[in-house]
Amino acid sequence: MSNDRVRIVEVGARDGLQNEKILLPAEVKVALIDRLSATGLTTIEATSFVSPKWVPQLADATEVFRGIRKVPGVSYPVLVPNLQGYERAREVGASEIAVFTAASEAFNRKNVNASIDESIERFVPVVERAKADGVAVRGYVSTVLGCPYQGEVPLRDVVRVAQRLHALGCYEISLGDTIGAGTPAKARAMLRAVAQEVPMRALAVHFHDTYGQALANILACLEEGVRVVDSAVSGTGGCPYAKGATGNVASEDVVYMLHGMGMDTGVDLDLLVATGAWLAAQLHKDSASRVTRARTAA
Ligand code: HMG
Ligand code: MG
């Protein structure tokens, strides 16, 4: 494959921890992010400035963001649903945010208590403020390959929402298979459709591994040309508002696959595996990463 550099967007500290039953103390989250910063990752989503009533696991966002060591060259985006979240994020000095909506109306209602259009309307002043403040904005589209409430999600809805976020000023659109329902041919077709309207260099893929399809889906999307992949160390996570959604694809497994294909991530796999094993111990469970399990057993 030409152009063999892939950027990993590590979402474990946010997407990973937001759905874990065990509430980790803020200092453990800080230690996790500091460890991740030492692996060579260049984008580490740190936390979420959403309503603590909706996602109590990340109620300590301020403390966590303040506590992490900001390594030069690494960006630490945070999730923001509205202006209130933006203000909280700016108070602690966040210089990159991510806004999020969905391709399915039913899911978006459950997740942010608003229609897709309403949620995008909320982003307009957020993005305006971000532009004025020199803050980079990433956009997520959820349920791109299926919705827990609506079932099938028409491709035209995915394309429409991705296009709107891009036109609004998001520098990158992450296409989220929130419930991990996708399979490679569908993932490829979805990415191809979106890439007709949004440049491929502005797209990322975000797979949950509910049915064990995430790596296969990523491979199909790499073949299609995408070069940004979201993943979570130790394969933690899921969305509290998507019933049945399990963990994100494990970063260790993605990096192992990419390096095995001769692609470059800039990530030290050994350090990442050690971090995955450490996080699993904090959560008192086995890592969902195949690579971490194999290495730990060896
Ligand atoms: P709402 O209840 O409709 O909001 O929630 P509201 O504006 O009516 O406010 C209600 C209360 O929340 C008020 O407090 C506000 O101050 C407070 P009260 O007066 O009752 O004490 N509030 C806030 N507090 C702190 N920070 C804020 C904030 N905003 C309002 N930013 C809202 C609407 C959007 C806030 C809520 O639905 C919410 O926070 N949802 C977040 C859900 C979430 O985080 N889901 C997971 C992330 S998305 C995901 O995981 C998918 C992804 O990984 C991609 C994929 O896999 O597909 C990205
Ligand atoms: Mg997710």
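## Magnesium site

In sequence, the residues that donate to the magnesium ion (ligand 2) follow the spacing D-x190-H-x1-H. The model is predicted, and in it this ion is coordinated by Asp 15 through OD, by His 206 through NE2 and by His 208 through NE2, at 2.0 to 2.3 Å. Asp 15 belongs to helix 1 (residues 12–16), whereas His 208 belongs to the loop between strand 8 and helix 9, so this pair ties together parts that lie 193 residues apart in sequence.

Asp 15 has a relative accessible area of 2% and is therefore buried, since the cut-off for that class is under 20%. His 208, with a relative accessibility of 3%, also counts as buried.

## Helix 9 and its surroundings

Helix 9 spans residues 214–224, and its buried residues are Ala 214, Asn 217, Ile 218, Ala 220, Cys 221, Leu 222 and Glu 224. In an α-helix there are 3.6 residues a turn, so residues three or four places apart point the same way.

The cover over the buried residues of helix 9 includes three strands and two helices: strand 7 (172–177), strand 8 (203–207), strand 9 (228–231), helix 8 (184–195) and helix 10 (251–260). After helix 9 comes Gly 225, which has a positive phi, near 120°.

## Ser 251 and Glu 10

Ser 251 is located in helix 10, and its relative accessibility of 0% places it among buried residues. Beyond its neighbours within four places in sequence, Ser 251 contacts Glu 10, Ser 231, Ala 232, Val 233 and Leu 272.

The contact with Glu 10 spans a long stretch of chain: Ser 251 and Glu 10 are 241 residues apart in sequence, yet their C-alpha atoms are 7.1 Å apart in space. The side chains of Ser 251 and Glu 10 form a polar contact at 2.5 Å.

## Thr 292 in helix 12

Thr 292 lies in helix 12 (residues 290–297). Its relative accessible area is 2%, so Thr 292 is buried. When residues up to four places away in sequence are not counted, Thr 292 touches Glu 252, Val 273, Gly 276, Ala 277 and Ser 287.

## Packing of helices 5 and 6

Two packed helices are described by the angle between their axes and the distance between the axes. The axes of helix 5 (residues 105–112) and helix 6 (residues 116–133) cross at roughly 55° and come within 9 Å. The two helices, 5 and 6, are therefore oblique to each other.

On the helix 5 side, the contact is formed by Glu 105, Asn 108, Arg 109 and Val 112, which meet Ile 116, Glu 118, Ser 119 and Arg 122 of helix 6. By class, the residues of this contact comprise 4 charged, 2 polar and 2 nonpolar.

## Positive phi outside glycine

Most residues other than glycine have a negative phi. Asn 113, a residue other than glycine, has a positive phi near 60°. Asn 113 is placed in the loop between helix 5 and helix 6.

Thr 143 likewise has a positive phi, near 55°, and is not a glycine. Thr 143 lies in the loop between strand 6 (136–142) and helix 7 (155–168). With a relative accessibility of 0%, Thr 143 counts as buried.

Conventions
Residues are numbered from 1 along each chain as its sequence is written. Chains are lettered from A and ligands numbered from 1 in the order in which they are written. This is a predicted model: local features need pLDDT of at least 70, side-chain atom pairs count only at pLDDT 80 or more; totals for chains, interfaces and linings use all residues. Side-chain values use heavy atoms; hydrogens and water are left out. Axes are lines fitted to C-alpha atoms, for helices over the stretch in contact, and angles run from 0 to 180 degrees between N-to-C directions. Helices (H or I, at least four residues) and strands (E, at least two) are DSSP runs, numbered from the N terminus. Angles under 35 degrees count as roughly parallel, over 145 as roughly antiparallel, 65 to 115 as roughly perpendicular and the rest as oblique. Contact means heavy atoms within 4.5 Å. Ala, Val, Leu, Ile, Met, Phe, Trp, Tyr, Cys and Pro count as nonpolar, Asp, Glu, Lys and Arg as charged, and the others, Gly among them, as polar. Buried means under 20% relative accessible area, exposed over 50%, partly exposed in between (1.4 Å probe, protein chains only). Donors are N, O and S atoms within 2.8 Å of the metal (3.2 Å for Na, K and Ca); water is not among the atoms, so sites may look incomplete. A polar contact is a pair of N or O atoms within 3.5 Å; within protein, one must be able to donate a hydrogen and the other to accept it, and residues adjacent in sequence count only if both atoms are side-chain atoms.
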